[in-house]
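I opened this model today with a cup of coffee and a few simple questions. My notes follow, in the order in which I looked things up.

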Amino acid sequence: MNFENKKATRQSYGEALVELGKINKNVVVLDADLAGATKTNMFLKEFPDRFFDIGIAEQNMIATAAGLSTCGKIPFASTFAVFATGRVYDQIRNSICYPNLNVKICATHCGITVGEDGATHQMLEDINLMRGLPNMTVISPADDTEAKWAVKKAAEINGPVYIRFGRASTPIIYDENTNFELGKGIQFGEGTSATIFATGIMLAKALKAKEELEKENINIRVIDIHTIKPIDKEIIIKCAKETDKLISIEEHSIIGGLGTAISEVLTDSFPKKLIRLGMKDCFGKSGNAEELLKYFELTSEKIIETVKENI
Amino acid sequence: MSEFLKIQNLQKIAKDVRKDIVEMLYSAQSGHPGGSLSITDILTTLYFYEMNINVNNPKDENRDRLILSKGHCSPALYSCLAEKGFFPKEDLKTFRKINSYLQGHPDMKKIPGVDMTSGSLGQGLSVANGIAIAGKLDDKSYRVYCIMGDGEIEEGQIWEAAMTSSKYKLDNLCAIVDNNNLQIDGKIEDVMSPYPINKKFESFGFNVIEIDGHNFEEIINAFEDAKKVKEKPTVIIAKTVKGKGVSYMENQVGWHGKAPNEEEYKLALEELK
């Protein structure tokens with residue numbers, strides 16, 4: 001696989017929004033003074049009448065989006081993940097999820113790859129917060145193609161959707177003809193030594209690890225869990241039955257994220273040990289994205305090491 | 001109908017709404033009488049005089065909208081909706097009970113005629129802005145009303161929303177502050193004063209109208225005057241009495257969220273005869 005062709009999923013988001021705006025007049029976009037960083041400014045440029053900069057007032061942005069949605073609009077509300085979820089949790093809970101309103105919360109700058117801004121801006125608990133809300137769909141795309149699919153899909157779902165996008169560029173894995181399905185994981189390989197469940201930019205790391213391990217005749221499989229909720233129970237149980245070792249990796253806290261979601265499925269249906277890689281109940285810190293991924297062991301090397309342990 | 005008869009009619013309906021509130025609270029043995037009674041005359045005027053709504057089509061896209069941002073005053077809203085015919089009046093007795101659609105706080109998915117779910121204070125004005133913006137985008141002539149408590153405007157989000165109403169020149173929005181001067185922990189100026197409310201909204205770019213929130217003529221005129229102002233939102237600051245209409249509840253902070261016992265219930269109904 002070619003890991004050199006890269007794009008940040010926030011860029012994909014901006015591009016997808018413009019395409020969506022062309023085909024659906026009901027799509028409106030709200031931002032909280034971060035349009036340049038979240039890439040919603042691309043939509044602003046094309047459709048200024050349907051773009052609303054609410055200023056540095058995220059709670060207000062979320063509830064305004066709720067109001068717009070009651071009139072048939074499909075609002076996409078964006079800011080950094082830390083503000084788009086934690087800061088506005090009550091607005092999302094009470095004004096969007098409880099009335100099951102058609103609002104899309106598209107957060108950029110998730111995880112530690114935010115980089116130099118440090119811990120206050122590195123959201124590591126958003127999947128946990130959003131996953132716990134009834135009516136919410138949670139998507140964590142891995143690359144450009146998947147991110148664009150997620151935006152299009154979100155507009156088709158009648159109800160709240162949370163999508164997390166990243167700041168840093170990440171390898172483009174899928175070609176544009178890929179057939180994505182909401183709530184259906186995507187399997188790479190048939191190896192039985194281990195299953196790596198990955199989400200977001202960790203998918204590329206997992207695929208790299210898979211290639212390296214193959215050179216040593218260790219055959220594993222990788223599952224891209226792009227939809228965290230509803231989670232693909234079927235593929236999790238299938239892999240638990242077919243492979244020796246289960247590992248999950250996410251650019252998110254190991255509490256409440258992908259690993260937890262998989263553990264819940266295993267506990268309910270096929271009890272088996274899962275090794276959860278991710279942020280270990282800690283905050284991030286300043287540094288460049290690649291350095292941070294190494295520091296917090298969110299790397300192909302760590303996956304390889306974990307697979308090899310106890311094999 | 002002459003102005004005099006119209007007002008007499010509203011007075012009569014408001015009395016029925018107050019009776020319903022007392023009945024609901026007594027039946028549920030919980031709920032919020034004080035604020036429900038202070039907004040009764042305003043809500044009655046909105047539902048039986050001012051707002052363009054269609055009982056046969058509660059989701060009519062051209063209807064006027066009401067956001068009860070102070071959602072705990074749901075008894076007053078439910079009574080108006082039932083009196084209007086959105087659902088049977090006898091269902092009011094099921095308020096707050098298991099298996100009832102009449103939830104403790106307004107639920108737009110369960111209750112016909114409720115335009116927005118509310119309960120967590122401070123969010124309604126933002127929602128109303130969203131609806132008003134959508135109205136402008138779609139070139140609709142509907143108006144959006146949003147009732148907030150005077151304690152509620154201690155929430156910072158209200159002021160974020162106030163900036164937004166102004167920025168987008170939402171002259172189709174009419175906010176109302178139920179200024180009964182009391183919140184759970186005491187007088188609003190003792191707990192966390194939002195005064196001067198008029199100057200605050202004025203400096204946020206609102207057209208400010210101050211009225212007696214129990215005088216129907218003033219309420220009607222305020223809604224009329226609000227419509228005449230273009231390019232800016234209006235806020236009506238309504239001086240009200242918490243617990244209005246039930247003597248022992250009036251201006252008593254203890255009646256914010258408490259149900260009457262049998263004796264108090266009978267006394268209230270006697271007074272509302």
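Before reading off any partners I noted what pairing means here: two strands pair if DSSP finds at least two bridges between them. I also reminded myself that this is a predicted model.

**Entry 1: a pair of strands.** I began with β6 (residues 137–139) and β7 (residues 161–164) of chain A, which are joined by three bridges. The two strands run parallel. Which residue in β7(A) is the bridge partner of A:I139? I found that A:I139 is matched with A:I163.

**Entry 2: the whole sheet.** Next I followed the strands outwards from that pair. They belong to an open sheet of seven strands in chain A, and I wrote down the order as β3-β2-β4-β5-β7-β6-β12. The pairing is mixed. Which are the edge strands? They are β3 (51–53) and β12 (227–229) of chain A, and each of them pairs on one side only. I looked up the twist too: on average, neighbouring strands are turned by 20° against each other, with direction ignored.

**Entry 3: a helix on the sheet.** I then checked helix α4 (residues 58–69) of chain A, which packs on this sheet. Helix α4 touches β2 (27–31) and β4 (74–80) of chain A. Its direction makes about 170° with that of β4(A).

**Entry 4: two domains.** Where is chain A divided? Domain 1 covers 6–171 and domain 2 covers 186–308. I noted 25 Å between the C-alpha centres of the two domains. Their contact takes 26 residues from domain 1 of chain A and 29 residues from domain 2 of chain A. On the domain 1 side, α7 (126–131), β6 and β8 (169–171) of chain A each supply at least two residues. I sorted the residues of that side by character and got eleven nonpolar, ten polar and five charged.

**Entry 5: over to chain B.** I ended with an overview of chain B, whose secondary structure comes to ten helices and seven strands. Why call chain B as compact as a globular protein of its length? Its radius of gyration is 17 Å, close to the 19 Å that the globule rule gives for 273 residues, so the description fits. Along the principal axes, the C-alpha atoms of chain B fill a box of roughly 50 × 45 × 40 Å. I also looked up burial, and 52% of the 273 residues of chain B count as buried. Last came the contacts in chain B between residues at least 6 apart in sequence: 75% of these join residues at least 24 apart.

Conventions:
Residues numbered from 1 in each chain as written. Chains lettered and ligands numbered in written order. Predicted model: local features only at pLDDT ≥ 70, side-chain atom pairs only at ≥ 80, totals over all residues. Helix = DSSP H or I, 4+ residues; strand = E, 2+ residues; numbered from the N terminus. Axes fitted to C-alpha atoms, helices over the stretch in contact; angles between N-to-C directions. Contact = placed C-beta atoms within 7 Å. Domains from an automatic or database assignment. Nonpolar A, V, L, I, M, F, W, Y, C, P; charged D, E, K, R; others polar. Rg over C-alpha atoms; globule rule 2.2 N^0.38 Å. Buried ≥ 20, exposed ≤ 12 C-beta atoms within 10 Å, placed from the backbone.
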